[in-house]
Amino acid sequence: MKKIIVANWKLNPDSPREARELFVKIKRTVSRLKRVETVICPPAIFLPDLEKARGAAKKLALGGQDAFPALDGAWTGQISPAMIRKSGARYLILGHSERRAQGDTDELINQKLKLALAQGLKVILCVGEKTRDPQGHYLQTIKTQLLTALEKVPRKLASQLIIAYEPVWAIGDAAKFSDTPAGFLEQAIYIRKILSIWIEQKAAMQVPVLYGGSVDARNALGFLTEGQADGLLVGRASLRADIFGEILKLADALA
Ligand code: PGA
């Protein structure tokens with residue numbers, strides 16, 4: 001399976017100009033690569049301009065970071081999955097821990113997910129525990145996150161789904177460590193086991209499972225090889241064209 005490398009730019013960069021500059025640098029690297037699928041998720045306001053800058057680039061796609069679970073109406077400040085799709089995105093991140101911290105429940109994520117899939121977006125559903133307790137309660141957290149988000153989601157849409165396992169303790173500046181490749185691999189096996197409650201086991205094996213949380217150019221290869229990750233969800237390191245380019249090259253050489 002080809003690797004999927006996703007950049008989550010979060011609330012960065014500061015201006016359309018900087019966004020375009022960063023995007024164009026990444027596009028230059030991607031144009032020299034053959035197999036890896038690169039997905040850039042900028043703030044939604046930059047999507048139309050970056051879609052123009054993308055042009056006919058192959059293996060380079062755009063994604064949104066979140067969307068509201070309605071297509072129109074009196075919802076000040078919100079952006080619908082259809083708007084994201086029509087602004088050039090093919091992917092959508094949902095359930096990121098930073099959204100969950102702002103109030104996204106599993107039920108809300110389920111509503112967003114159903115609408116986003118119906119709009120033809122590929123959804124990158126983030127799951128992950130806040131702490132990894134030795135009693136293993138965190139496994140129940142991941143199970144609930146997955147099964148609630150996927151409730152009443154038609155099985156035939158499974159090919160539009162990607163899971164990103166992102167332990168919250170490994171994300172962002174406050175994180176002391178990333179997970180280990182072996183730790184990730186265990187979670188990926190568990191995630192596929194839970195997915196096989198929803199879809200057949202064979203189909204569950206086809207759902208890409210990515211790792212996210214303090215990914216950089218030094219640990220990326222370990223997750224992709226020893227950890228057998230189908231790809232990576234990259235935060236801070238995706239804002240550095242040089243480091244992100246290194247990660248893309250590593251993934252391309254494997255895919
Ligand atoms: P990080 O963020 O790579 O900066 O830890 C990852 C994420 O939040 O998706």
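Visitor: Which side chain has an N or O atom 2.7 Å from an oxygen atom of the ligand?

Guide: That side chain belongs to Glu166. The pair is a polar contact, meaning two N or O atoms within 3.5 Å. Please note that this is a predicted model, in which local features need pLDDT of at least 70 and side-chain atom pairs count only at pLDDT 80 or more, while totals for chains, interfaces and linings use all residues. Residues are numbered from 1 along each chain as its sequence is written, and side-chain values use heavy atoms, with hydrogens and water left out.

Visitor: How much of the ligand does the protein cover?

Guide: The protein covers 99% of the 280 Å² of accessible area that the ligand has on its own. Such areas come from the Shrake-Rupley method with a 1.4 Å probe.

Visitor: And how many residues surround the ligand?

Guide: There are 13, and the closest are Lys10, His96, Glu166, Gly172 and Arg236. A residue is counted if one of its heavy atoms lies within 4 Å of the ligand. By class, this shell has 4 nonpolar, 6 polar and 3 charged residues. Asp, Glu, Lys and Arg count as charged; Ala, Val, Leu, Ile, Met, Phe, Trp, Tyr, Cys and Pro count as nonpolar; the others, Gly among them, count as polar.

Visitor: What does Lys10 do with its side chain there?

Guide: A polar atom of the Lys10 side chain lies 2.7 Å from an oxygen atom of the ligand. Lys10 also has a positive phi of about 55°, although it is not a glycine. Most residues other than glycine have a negative phi, and most peptide bonds are trans.

Visitor: Which residues does a cis peptide bond join?

Guide: The cis bond joins Asn12 and Pro13, with omega about -15°.

Visitor: New topic: how many aromatic pairs are there?

Guide: The structure holds 4. Rings of Phe, Tyr and Trp (its six-membered ring) pair if their centres lie within 6.5 Å; planes under 30 degrees apart count as stacked, over 60 as edge-to-face and the rest as tilted. One pair is Phe184 and Tyr211: the ring centres are 5.8 Å apart and the planes are at 75°, so this pair is edge-to-face.

Note on methods: A polar contact is a pair of N or O atoms within 3.5 Å; within protein, one must be able to donate a hydrogen and the other to accept it, and residues adjacent in sequence count only if both atoms are side-chain atoms.
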